[in-house]
Amino acid sequence: MFAPVLSPLLAWAAGAKLKNWAGNIEYGTDRLYSANSIEQAQEFVRKHARMKVLGTRHCFNHIADSTDEFLSLRPMNKVLELDAKARTVTIPANMSYGQLSPYLHEHGFALHNLASLPHISVAGAIATATHGSGEKNGNLSTSVSALEMITAPGDIITLSRKKDGEGFSGAVVALGALGVVTKITLDLQPTFVMKQYVYENLPLSQMQEHFDAIEASGYSVSLFTDWQKKRINEVWVKTRVEPGQEFKPTPEFFGATLATRNLHPIAELSAENCTEQMGVPGPWYERLPHFRMGFTPSTGDELQAEYFVPRKHAVEAILAVERIRDQVSPHLLITEIRTIAADDFWMSPCYRQNSVTIHFTLKPDWPAVSKLLPVIERTLSPFEACPHWGKLFTLAPERLRARYEKLPEFVTLSKKYDPTGKFRNDFLNTNIFS
Ligand SMILES: Cc1cc2nc3c(=O)[nH]c(=O)nc-3n(C[C@H](O)[C@H](O)[C@H](O)COP(=O)(O)OP(=O)(O)OC[C@H]3O[C@@H](n4cnc5c(N)ncnc54)[C@H](O)[C@@H]3O)c2cc1C
């Protein structure tokens with residue numbers, strides 16, 4: 001019944017090794033089974049002693065890896081229920097934001113935020129606390145109001161924000177450790193129109209003095225820098241077109257200049273794969289991500305690392321990285337700085353803490369990057385920095401675990417749903433369970 005199926009969505013050549021999107025991780029097995037129904041997924045879970053669910057493979061580390069079996073739910077990709085009155089949508093877990101968002105817009109609804117790219121699966125994104133930007137916007141998991149999951153024995157359970165309280169807070173950013181998430185209910189809001197403006201060459205001194213005002217200028221703000229010449233190369237301001245909320249562009253913004261053409265975050269690259277800028281109005285899902293569905297996001301040939309620091313340390317932490325620019329720059333394609341509102345998820349780096357993230361898109365040279373990351377981590381350690389669950393890091397497991405006050409509760413919760421460690425892998429054993 002469970003004949004291995006090479007999913008057309010994953011589309012690697014027969015015989016080729018199964019890898020993540022970036023190609024830096026060759027997974028420990030290429031045994032991938034695609035389930036067409038929840039019953040098939042349940043039966044698969046019952047049958048195997050160890051396994052992992054694979055989403056859209058956009059993590060840069062081994063969090064999704066397995067040496068045993070992979071299950072894919074990608075063939076299930078049709079919206080299950082739109083409840084207009086309750087303003088919620090229930091979807092199959094591994095539908096991508098790119099598949100979901102146009103449907104929501106057509107029906108008059110929107111999500112509160114998106115990541116830099118729409119290509120990723122909802123289940124994969126919420127498992128790792130994937131985030132966009134905007135100081136009032138929690139990470140993407142904060143829109144989850146309920147989920148359905150297959151536990152290790154193969155039972156189906158549902159958890160919701162309303163009825164499960166703390167148990168729900170432990171189960172949304174779950175790092176793939178609790179079970180196979182099969183359905184997700186997301187909170188919606190009425191659809192909205194956005195505009196996006198890009199400014200070039202913001203002096204670092206202006207960032208230092210006016211960080212709060214810059215971040216408050218739009219619904220979502222991203223700062224891109226190569227750490228050269230004491231400047232932020234590009235400031236992307238995404239604004240909702242709503243009375244009282246709209247950003248009014250002026251030719252100058254804290255010493256930066258309004259761009260007169262669409263830009264890629266790396267200005268030398270073509271902006272063809274980027275969402276429309278220059279104040280052209282468009283639906284939320286075509287402005288919140290930086291990269292367009294159907295095009296390669298970012299550069300396509302890269303590694304990524306990202307660190308969360310408490311918002312109160314934002315400026316100091318940014319300046320600390322600027323001081324090590326000579327070590328960072330040879331390996332860097334671009335840095336992005338974003339803000340994220342606090343949430344209540346035990347394993348979220350933003351647990352009860354407004355945060356700022358300092359992200360590094362790096363050249364695909366792991367030997368060099370593996371030497372650089374400890375330098376960045378040491379530099380950011382006075383600011384209680386915490387790495388992104390889906391990106392590369394070298395922080396020692398005991399230091400990582402110390403960042404999560406609710407880790408003991410999470411371990412207990414995982415034993416409840418997965419008493420035999422079916423959904424664990426080396427990454428989880430090392431970083432969470434050891
Ligand atoms: C070009 C690029 C840009 C990015 N931009 C951003 C960004 O703007 N912001 C940000 O925060 N991150 C960003 N990321 C990181 C990315 O969002 C995360 O790594 C995310 O987890 C990827 O989702 P996925 O479905 O591809 O996950 P996968 O790598 O396939 O899986 C991730 C984890 O989710 C688990 N999982 C997946 N599906 C299920 C399921 N149904 N049930 C249980 N567990 C499941 C897997 O087992 C694994 O543990 C970016 C990555 C890339 C490559």
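Reader: Which side chain does the side chain of H290 make a polar contact with?
Author: The model is predicted. In it, the side chain of H290 makes a polar contact at 3.5 Å. The partner is the side chain of S222.

Reader: Where is H290 found, and is H290 buried or exposed?
Author: H290 is found in the loop between β16 (282–283) and β17 (303–310). Its relative accessibility is 3%. Buried means under 20%. H290 therefore counts as buried.

Reader: What about T128: is T128 buried or exposed?
Author: T128 sits in the loop between α3 and β7 (144–150). Its relative accessibility is 5%. The cut-off for buried is under 20%, so T128 counts as buried.

Reader: Which side chain is the polar partner of the T128 side chain?
Author: The contact joins two side chains. The distance is 3.0 Å. The partner of T128 is T130.

Reader: Which residues come nearest to the ligand?
Author: There are 38 residues around the ligand. Five names stand out here. The nearest are V53, T56, H58, S121 and H388.

Reader: Which residues place a polar backbone atom at 2.7 Å from an oxygen atom of the ligand?
Author: A backbone N or O atom of R57 lies 2.9 Å from a ligand oxygen. That is not the distance asked for. At 2.7 Å there is a polar backbone atom of G55 and one of H58.

Reader: How much of the ligand does the protein bury?
Author: Taken alone, the ligand exposes 970 Å². The protein covers part of that area. The buried share is 99%.

Reader: Which element gives the largest share of the shell around the ligand?
Author: Elements giving two or more residues are β2 (52–54), α3 (122–127) and β9 (180–187). The largest share is four residues. It comes from α3.

Reader: How many residues of that shell are charged?
Author: The shell divides into three classes. Nonpolar residues number 18 and polar ones 16. The charged residues number four.

Reader: What does helix α5 span between its end C-alpha atoms?
Author: Helix α5 covers residues 204–215. A straight helix of 12 residues would span 16 Å at 1.5 Å a residue. Helix α5 spans only 14 Å.

Reader: Why do the buried residues of α5 line one face?
Author: The buried residues are L204, M207, F211, I214 and E215. Seen down the axis of α5, they line one face because they fall within an arc of 105°.

Reader: Which exposed residues are on the face of α5 turned away from its buried side?
Author: Exposed means over 50% relative accessible area. Two residues on that face qualify. They are E209 and D212.

How values were computed:
Residues numbered from 1 in each chain as written. Predicted model: local features only at pLDDT ≥ 70, side-chain atom pairs only at ≥ 80, totals over all residues. Heavy atoms only, no water. Expected span 1.5 Å × (residues − 1). Buried < 20%, exposed > 50% of the residue type's maximum accessible area, 1.4 Å probe, protein only. Arc of directions from axis to C-beta. Near = heavy atom within 4 Å. Polar contact = N/O pair within 3.5 Å; in protein donor to acceptor, adjacent residues only side chain to side chain. Areas by Shrake-Rupley, 256 points an atom, 1.4 Å probe, with all protein chains shown as cover. Nonpolar A, V, L, I, M, F, W, Y, C, P; charged D, E, K, R; others polar.
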